[in-house]
Amino acid sequence: RLSLSRTGPGPDPGVARSAVRYLSRWADQTRRTQARAAEEVYARALGVAEGSGDAVEPLIVTRLLVGRAECLIEMGRHREAVLDAGRGRDLAEKHGDRTLLAHALLALGRSESDLGRMPSARRVLQHARSLFEAEGDLRGQGWALHRLSETWGRVDYRREIEDLREAHHLFTRARDRSGRSTAAQDLAYLLSPMGGKEFRRWYEASRRLVEDEGDLRSRAGLVRTWGVFSYYRGDHVEALRLMEEARPLAADAGDRYAEADALVIAATAAAIAGDPHQAESLSSEALALSGELESARVRASALLAAALAALRLADPGAASSRLRRAKSAVASHRIRLLVGETALMEGLLSLDRGAWDLVEKPARQLRREVRVHGWTLLEPLPALTMGRASLGAGRLGEAISLLGRAVDEAQPIDVGGTLALAETLREQAMLLAGREPLTAALPRSQEPEVQAAELQNHGLASLLTGDAVAAAAAFGEAVASWSAHGTTSW
C-alpha cells in the first residue's frame, strides 16, 4: 500500500523481492492441500510485486499468476483463473521461458475444461504436453495427461481412466509423490461404480499415501471416494454419513468440486434412505454451488436428487419439473456419464408414484449404459427396478423371476445394500404368491427400505399362519417405517 501512495517513497526494491519470494514459497507449499489459504498468499505476493515497479522479475510474477490460477480452479473461480493463466502465458511467451509457458498452459487448459470448452482445452493441454515432452519433463507430462483425462469426463469414461493410468505411470517414473497420490485418488474415485480388485487396489494405494501426508484435501477425497462406493453398493445410510464427513473437509481445503460431489451424493442418499426435508435442503445447496462452479454436471445431478426429494415431500409437479430440467441439462451439455444416473432416477420416481408401467423403459436404458461403461456395481439395478414394478403391479411370477435375477447378479459382486433389498423383495413376492421363501433368515440391513420391506414380510408370514394380530402390528410398523421417508406408493 505504501508503494502505491504518493505521500512518500515505497519500500526498498530488495525488501520487495524478498517479500515476494518468501510469500511465493509459502503459497507453493500450501497450494496442493489448502487452495483457499494459498490463493490469499499468492494474491498478497502479486500485490507486493505489482506495487514495486520493476523490482520483481517478470518470471517470478508469471509463477505467481500460474499458482494463483491453479488455486482459483480448485475454488471454482474459473473465469478469474482464465485471466491469471492467460497473463502468465503471455509473460512466459514474451520472455521465452518454455517451462513456465507449459505450466501456464496447464492452468489455462484446465480452466477451459472446467468451463466446458473441451476442444479448446484439449488443444491447449496438448500444446503443454508437447512442451514438457521436448524438455524431457516426465512430471510435467504426467500433469498434462492428468488434465487431459478430465476433458473426457463427460463423454468417454474409459478414455478418462486410460489417461489417468498413464499419468500415474509417468508420475511414478518421475518419483512425484504428489502426482501419484492425486492420480491414485482420482482412479479410485472413477472406478467406484465398477468396484472389484482394481478399485480396491487404487483405493488402498491412495489411502496409504493420504495416511503419510495427512492433508485436508486428500482426506476429503478419500472419504468422498468411499462414500461414492457405498452409494453404488446400495448402502445409502453409510454413503450419507460419509458425505457429511467429507463435505466440511473439502470446504476447509478449498476443494469446491469435492464439496459439490459430497453434497450431491448426500442429497441423493437422503432422498432414498433419509429425511426428504434434509434431501431438499442438501439438493438446494448443491444447486447453488453448481451456479458458482458453472457446472452443468453438478446442476443436473442436484436436480435429480431434488426431484426425488420433491416427490417424497408430496409435490409431484416439482418432481416432474426437476426431472425434465435434469434431462434437458444432460442432453444439451452432452453429459453421457449422467444418462444412466438419469434413467435410474426416472425409474425410482415411477416406482414411488406407483406408475409401474413406466419403469421398464428407463430400466432398459440404464442396462445399456451399465454395459457400455462397465459399471459392475450397477448391474443388478435394472432387474431390481423392473422386479419392484412387477411386485407393485401384482405380477408375482414376473416379480419373482426379475428379483431372482437381481439377486443372482448381486451375489458375486460387492453390493451389500442392493443384495439385501433384492432378497427381501423376492421373499415378499414369494410370500404373496403363497410360496415358501428361498432364504430362511436374511442378514440384517441398516437400509430403511429393506427394514420396511422386512416388516411387510413379517406381516405376510403372520397372515399365512393365521396370526392376524401379529400381521396387523407388523403392517402398522411398516407403514410408519415408510412414512418416515416421505410420501411413496409403498
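**Entry 1: a network of charges.** I began with the charged side chains and found E70, E74, R110, R147, E150, R217 and D255 linked in a network of salt bridges. A reminder to myself: this is a predicted model. I then asked how many salt bridges the structure holds. The count came back as 41.

**Entry 2: R200 and D414.** Next I picked out single pairs. R200 and D414 form a salt bridge through their side chains, with 2.4 Å from N to O. Where do the two partners sit along the chain? I found R200 in helix 10, residues 196-213. D414 is in the loop between helix 20 (396-410) and helix 21 (416-432). The pair thus links distant parts of the chain, 214 residues apart. I also looked up accessibility for both. R200 has 36% relative accessibility and counts as partly exposed. D414 is partly exposed as well, at 26% relative accessible area.

**Entry 3: R224 and D261.** My next pair was R224 and D261, whose side chains meet in a salt bridge at 2.9 Å, N to O. R224 belongs to helix 11 (residues 216-232) and D261 to helix 13 (residues 256-273), so this salt bridge ties together parts that are 37 residues apart in sequence. Are R224 and D261 buried or exposed? I noted both as buried.

**Entry 4: D235 and R233.** I stayed with charged pairs for one more look. The side chains of D235 and R233 meet in a salt bridge, 2.4 Å from N to O. Why does D235 count as buried? Its relative accessibility is 14%, and the cut-off for buried is under 20%. R233 is buried too, because its relative accessible area is 16% and falls under that 20% limit.

**Entry 5: the nonpolar side.** I turned from charges to cores. In soluble globular proteins, nonpolar side chains tend to be buried together. Here the largest nonpolar core has 92 residues. Which residues have the most contacts inside this core? They are L378 and L384. I also checked where the core's members come from, and helix 13 gives the largest share, with 13 residues. Helix 13 was already in my notes as the home of D261.

**Entry 6: around L384.** I listed the neighbours of L384, leaving out residues up to four places away in sequence. L384 touches L403, A406, T418, L421, A422 and L425.

**Entry 7: another core.** Last, I looked beyond the largest core and found another one lying apart from it, with 30 residues. Among them are L100, L106, A107 and V124.

Definitions and conventions:
Residues are numbered from 1 along each chain as its sequence is written. This is a predicted model: local features need pLDDT of at least 70, side-chain atom pairs count only at pLDDT 80 or more; totals for chains, interfaces and linings use all residues. Side-chain values use heavy atoms; hydrogens and water are left out. A salt bridge is a side-chain nitrogen of Lys or Arg within 4 Å of a carboxyl oxygen of Asp or Glu. Helices (H or I, at least four residues) and strands (E, at least two) are DSSP runs, numbered from the N terminus. Buried means under 20% relative accessible area, exposed over 50%, partly exposed in between (1.4 Å probe, protein chains only). A nonpolar core is a set of buried Ala, Val, Leu, Ile, Met, Phe, Trp, Tyr and Cys residues joined through side-chain atoms within 4.5 Å. Contact means heavy atoms within 4.5 Å.
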